[in-house]
There are 2 protein chains.
Amino acid sequence: MTSSKPLDRRIQRTRKLLLDSLIELVLEKGYEAVAVQDIIDRANVGRSTFYAHFENKEQLLFSGHGWLTESLFGNRNEPSADLTLGINLGILFQHAADNHRLAKAMLGKKGGELIINHLHELVYTSINQTLQANQSNQDTSAKRLVSQAIASMLVGLLRSWLEADLPLSPGKASTLARALLLGSLAELPTVLAPPSVPY
Amino acid sequence: MTSSKPLDRRIQRTRKLLLDSLIELVLEKGYEAVAVQDIIDRANVGRSTFYAHFENKEQLLFSGHGWLTESLFGNRNEPSADLTLGINLGILFQHAADNHRLAKAMLGKKGGELIINHLHELVYTSINQTLQANQSNQDTSAKRLVSQAIASMLVGLLRSWLEADLPLSPGKASTLARALLLGSLAELPTVLAPPSVPY
DNA sequence: GTTTTTATTGAACACATTGTCTGTTATTGA
DNA sequence: TCAATAACAGACAATGTGTTCAATAAAAAC
């Protein structure tokens, strides 16, 4: 899956310059406010060069999102797999901490909406699969809503944790996340089961 | 607080045309993709007229957000006040249903980020105040994270409920929301109290 | 080390969008 | 009816986007 040929040094250099500049600028001004012109000025790279590598800013930011999917789906066959609703919270928060600046630029308050939606989608899918597979009642649409809500909570927690510059250790943060996710599910059977709640 | 003078009919007409056009366009193409030109074309209104009323699209969309703040903060002194973490969930979901199209344009998947952030901020503030005031431990930064997470969950639930075109009745949706919010808090003391968890 | 390949450059280009400003016209409220 | 004012069309500068091209520089291949 990894690239067969080692890339031309110039390519590596240019792409790194561009991504680093984008991250800096996003953290300074917010993703929306960053113009391609700003990026290439800071990176000291020609305009045509930028477009030789990326179609637009979005693609540039996306080019650095490997750690994200790896966090969620990497090492799925490990024995130590400690999954909560199909997600390895420990690894997710650990990787986010390892890539703090990049992660904050992608997911922080000033981050790009598209990557946040992307993460939300991945998380939602995982949670929903787990939830729908679960026994009990069959109200799939309600379960979808619940999955959306819980996915929002997890992404929201991750984002504000990054935005606040990691006030908790990755370990504590993931423990907190686990408690929130599982707790929110605890009272659901009472509500979702139609016959038992005659309101 | 309401306007003292009745507005010129032309003003009312123009503003309504513009807002209705914006809502339609947002539901069709998504907020980002809508240009001022699109709005005034559909509303059949002159360009200069648009800017006589609003500074930009954002302000136009914001001009219709009265129901939102009213949902959260209206009738605070009612005896029937049934608050969950400082929020009247019943009224919130009911008002959102009453203003379905507008609410979906504002908060749906294609909605404008700014209003979503605005709602999140209001919800977060309310939850955080309630949570910080609560006894037990004093880890304010952890509580802030929890408030952010729970606010994200509530906003996320509301958004996906709107996006899915109200698969549950407002009553059922608010009941579900209450269960999710309170449930997520249930297990927290175990995690947040430092001495009892020697990990 | 020379040659070949390829990335980078800068400048110009068409295009879209924004927000402002003008004098003129049409509608409104009194 | 008439004075006030909202709406109008259209042009405008400013900004940003994405493309193209020949010339240059740097890397890779030999």
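A residue is taken to be near a strand if its C-beta atom, placed from the backbone, lies within 6 Å of it. With that criterion in hand, the surface that this predicted model presents to DNA strand D can be described element by element, and α3(B) gives the most to it, with 4 residues. Chain B also contributes through α1 (9-29), while in chain A the elements that each supply at least two residues are α1 (9-29), α2 (36-43) and α3 (47-53). In total, 20 residues surround DNA strand D, and the closest are S48(A) from one chain together with R10(B), T14(B), G46(B) and S48(B) from the other. By character, the residues of this surface divide into 6 nonpolar, 7 polar and 7 charged.

The two protein chains also meet each other, with 30 residues of chain B in contact with 30 residues of chain A. On the side of chain B that touches chain A, at least two residues come from each of α9 (140-163), α10 (170-186) and α11 (188-192), and α9(B) gives the most, with 14 residues. The residues on that side of chain B divide into 19 nonpolar, 9 polar and 2 charged.

How are the two chains arranged relative to each other? Chain B is superposed on chain A by a rotation of 180° with 0.0 Å of shift along its axis, at an RMSD of 0.1 Å, and that is the relation of a two-fold axis. The contact surface can be compared between the copies as well: 100% of the interface residues of chain B are also interface residues in chain A, so the copies meet through the same surface.

How values were computed: Residues are numbered from 1 along each chain as its sequence is written. Chains are lettered from A and ligands numbered from 1 in the order in which they are written. This is a predicted model: local features need pLDDT of at least 70, side-chain atom pairs count only at pLDDT 80 or more; totals for chains, interfaces and linings use all residues. Two residues are in contact if their C-beta atoms, placed from the backbone, lie within 7 Å. Ala, Val, Leu, Ile, Met, Phe, Trp, Tyr, Cys and Pro count as nonpolar, Asp, Glu, Lys and Arg as charged, and the others, Gly among them, as polar. Copies are superposed by least squares on the C-alpha atoms of residues with pLDDT of at least 70 in both.
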